[in-house]
Amino acid sequence: MYAKAPAMAAATNWSGLYIGGNVGYGWGNNSTDFSFLPTPEALEADNNTTLGTRSSGVIGGAQLGYNWQIGSLVTGLEADIQGSGIKGSARAIPTIRGTAIPDPTSVFSSEQKLSWFGTVRGRLGLTVTPELLLYGTGGLAYGRVDASANWFASFADEGRLVQSQAPASVSKTSVGWTVGAGAEWMFARNWSAKLEYLYIDLGSESAIGDLTVNQVLNPPFAVGYTWHARENIARVGVNYHFN
């Protein structure tokens, strides 16, 4: 009498189409450049400066991708779209032109928000075990950047209150790049969980705020602003594999 051999478990296969969702957190130390135009000396204003704007918030979205596996090597393409609550603001007292002395009559302010973003990336990884994939990733990033800034000054001149400001803002879908790494674990047939980090650089956006004095336009003076959008993303997700 011969006993029937037990069925062998199916080998893990990373090849094929997959779809999933993710949730995570984003943070950054963005910056805003303030430039008095045509020059700080001509405007009799404060020093040009750069103001750091710390941003943070929760993100969540969905991803779609395709893998090709050759032995322990896994390559693929993935696209994702994310809703984002990443935002931040900052205020600082500038320094008096030509010195390092704070100017108590003036203030710089800046706000920045990433409303949504997406990426289209290549992936390249190795299976440490049949169920565990470690990979690097990089490619295109894009997202909606909303930013605003202002230089405000208020002082008394011969008994008269003088208020100067030059607000400006920008709302634009910016395009940049991303790079990162992750780990993905096939914990059940057709199902995997992943942990991923991405660094996203959406470049810079600029705008010019015309100077007003007591709400009266004061040409040709202005303040130029440049916002730099760079974020760190950490997220976890689940994928379903159609294979």
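**Exercise 1. A residue in strand β8**

At 3% relative accessibility, does E196 count as buried or exposed?

*Solution.* We begin with the cut-offs: a residue is buried under 20% relative accessible area, exposed over 50% and partly exposed in between, as found with a 1.4 Å probe and the protein chains only. E196, at 3% relative accessibility, therefore counts as buried.

Before going on, note that this is a predicted model, in which local features need a pLDDT of at least 70, side-chain atom pairs count only at pLDDT 80 or more, and totals for chains, interfaces and linings use all residues. Residues are numbered from 1 along each chain as its sequence is written, and side-chain values use heavy atoms, with hydrogens and water left out.

**Exercise 2. Charged partners**

With which residue does R235 form a salt bridge, and which residues are linked in a network of salt bridges?

*Solution.* First, the rule: a salt bridge is a side-chain nitrogen of Lys or Arg within 4 Å of a carboxyl oxygen of Asp or Glu. By this rule the count comes to twelve salt bridges.

Second, R235 pairs with E196, and their closest N and O atoms are 2.8 Å apart. R235 lies in strand β9 and E196 in strand β8, so this pair ties together parts that are 39 residues apart in sequence. Strands here are DSSP runs of E with at least two residues, helices are runs of H or I with at least four residues, and both are numbered from the N terminus. Like its partner, R235 is buried, with a relative accessible area of 2%.

Third, E78 forms a salt bridge with K194, where the closest N and O atoms are 3.1 Å apart. This pair links distant parts of the chain, since E78 belongs to strand β3 (residues 73-92) and K194 to strand β8, 116 residues apart. E78 counts as buried at 2% relative accessibility, and K194 is buried with a relative accessible area of 4%.

Fourth, R123 and E184 meet through their side chains in a salt bridge of 3.2 Å, N to O. R123 is in strand β4 and E184 in strand β7, so to speak distant parts of the chain, 61 residues apart.

Finally, the network is made up of E78, D80, R121, R123, E184, K194, E196 and R235. R121, one of its members, is buried, with a relative accessible area of 1%.

**Exercise 3. The nonpolar core**

Which element gives the most residues to the largest nonpolar core?

*Solution.* A nonpolar core is a set of buried Ala, Val, Leu, Ile, Met, Phe, Trp, Tyr and Cys residues joined through side-chain atoms within 4.5 Å. The largest such core has 19 residues, of which F34, F36, F108, W151, V223, Y225 and W227 touch the most other members. Two or more residues each come from β1 (16-37), β5 (132-157), β7 (168-188), β8 (191-213) and β9 (216-242). The answer is β5, which gives the most, with four residues. Apart from this core lies another, of eleven residues, among them V145, L198, A229 and I233.

**Exercise 4. Unusual backbone angles**

Which residues does the cis peptide bond with omega about 5° join, and where is E44, with its positive phi, placed?

*Solution.* Most residues other than glycine have a negative phi, and most peptide bonds are trans. The cis bond in question joins L37 and P38, and P38 is found in the loop between β1 and α1 (40-43). A peptide bond that is also cis, with omega near 5°, runs from P219 to P220, and P220 is found in strand β9. E44 has a positive phi of about 55° although it is not a glycine; its place is in the loop between α1 and β2 (49-70), where E44 is exposed with a relative accessible area of 66%.

**Exercise 5. Confidence**

What is the average pLDDT of the protein chain?

*Solution.* pLDDT is the predictor's confidence in each residue, from 0 to 100. The chain averages 93, and 95% of the residues score at least 70. Over residues 5-9, however, the pLDDT is below 50, and beyond near neighbours in sequence this stretch has zero contacts in the model, a contact being heavy atoms within 4.5 Å. Where pLDDT is low, the predicted coordinates should not be read in detail.
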